[in-house]
Amino acid sequence: MVFRSELSAETYGTLTGDIILMIELRRAPRINVSWRCGIRMPDGHLLLCRAVNISGEGVLVQCPESLQLTQIYPMMIEIPGIANSDDIFRVACKGSVRHIILSGDHYHAGMHLTNMSDLHSELVNAWISRANKFAS
C-alpha cells in the first residue's frame, strides 16, 4: 500500500485498489532516456554518467560519484538525432545540482540545465514531443 505522504511533492497519486494513477505536476515534464553524459569535476577529471530522464529545464543523471549540492558543473550530454538515432550530438551545457541521493552503488542527481544552445534546446524539445506523441 502506498500512502500519499510517501509520494514526492512533485507527483500526486490517486489510489484505486492496487492501481496508482500518477499525474506529473512539473512545469517541464520529463521523458525517460538512456544517454551518455560527462561532468567535468572541479579537480579536472571527467565523471562519466548516464542521463536517466530529461526535460527542457533539467536532467536526472546516474553517477558513480557524489556531486556537490548547488554546485554548477560544466557537462556534456550525447543526444541522438531525431531523424537518425545513429547521429550523436554532443551537447555542451552547465548543470546546477538541485538534489542528490544514493541509490544502490550509484548516485542520482537532479540538475537544472543552463548555457545550452538554442539548437540543442530544440533537439531536447523534439525528443520530448516525440515521446509525448508515442505516449498518446
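Mentor: Buried means a relative accessible area under 20%, exposed means over 50%, and partly exposed lies in between (1.4 Å probe, protein chains only). This is a predicted model, in which local features need pLDDT of at least 70 and side-chain atom pairs count only at pLDDT 80 or more, whereas totals for chains, interfaces and linings use all residues. Residues are numbered from 1 along each chain as its sequence is written, and side-chain values use heavy atoms, with hydrogens and water left out.

Trainee: Is Trp 35 buried or exposed?

Mentor: The relative accessibility of Trp 35 is 7%. The limit for the lowest class is under 20%, so Trp 35 counts as buried.

Trainee: Which residue forms an aromatic pair with Trp 35?

Mentor: Rings of Phe, Tyr and Trp (its six-membered ring) pair if their centres lie within 6.5 Å; planes under 30 degrees apart count as stacked, over 60 as edge-to-face and the rest as tilted. The count comes to 1 aromatic pair. At 5.9 Å centre to centre and 65° between the planes, this pair is edge-to-face, and the partner of Trp 35 is Trp 127.

Trainee: How many residues apart in sequence are the parts that this aromatic pair ties together?

Mentor: Helices (H or I, at least four residues) and strands (E, at least two) are DSSP runs, numbered from the N terminus. Trp 127 is buried, with a relative accessible area of 14%. Because Trp 35 lies in strand β3 and Trp 127 in helix α1 (residues 118-135), the parts tied together are apart in sequence by 92 residues.

Trainee: How many salt bridges does the count give?

Mentor: A salt bridge is a side-chain nitrogen of Lys or Arg within 4 Å of a carboxyl oxygen of Asp or Glu. Arg 36 and Glu 78 meet in this way at 2.8 Å, N to O. Glu 78 and Arg 90 do so at 3.3 Å, N to O. The count comes to 2 salt bridges.

Trainee: Where in the chain do the partners Arg 36 and Glu 78 lie, and how many residues apart are they?

Mentor: The salt bridge between Arg 36 and Glu 78 has an N to O distance of 2.8 Å. The pair links distant parts of the chain, with Arg 36 in strand β3 (residues 31-40) and Glu 78 in strand β6 (residues 72-80), at a separation of 42 residues.

Trainee: Which residues make up the network of salt bridges?

Mentor: Arg 36 is partly exposed at 47% relative accessibility, Glu 78 is buried at 11%, and Arg 90 is exposed at 54%. The network of salt bridges links Arg 36, Glu 78 and Arg 90.

Trainee: How many disulfides are counted?

Mentor: A disulfide is a pair of cysteine sulfur atoms within 2.5 Å. The sulfur of Cys 37, a buried residue with a relative accessible area of 4%, is 4.9 Å from the closest cysteine sulfur, in Cys 49, which is too far for a bond. The sulfur of Cys 93, buried at 5%, is 8.7 Å from its closest cysteine sulfur, in Cys 37, also too far for a bond. The count therefore comes to 0 disulfides.

Trainee: Which strand gives the most to the largest nonpolar core?

Mentor: A nonpolar core is a set of buried Ala, Val, Leu, Ile, Met, Phe, Trp, Tyr and Cys residues joined through side-chain atoms within 4.5 Å. Of the 29 residues in the largest one, Ile 39, Ile 54, Val 61, Leu 67, Met 75, Ile 77 and Met 111 touch the most other members. At least two residues each come from β3, β4 (46-54), β5, β6, β7, β8 and α1. With 5 residues, the strand that gives the most is β3.

Trainee: In which strand is His 108 found?

Mentor: His 108 counts as buried at 16% relative accessibility. With contact meaning heavy atoms within 4.5 Å, the residues that His 108 touches beyond four places in sequence include Val 52, Leu 60 and His 99. The strand of His 108 spans residues 106-114 and is β8.

Trainee: What is the phi of Thr 70?

Mentor: Most residues other than glycine have a negative phi. Thr 70 lies in the loop between β5 (58-63) and β6 and is exposed, with a relative accessible area of 62%. Its phi is positive, near 75°.
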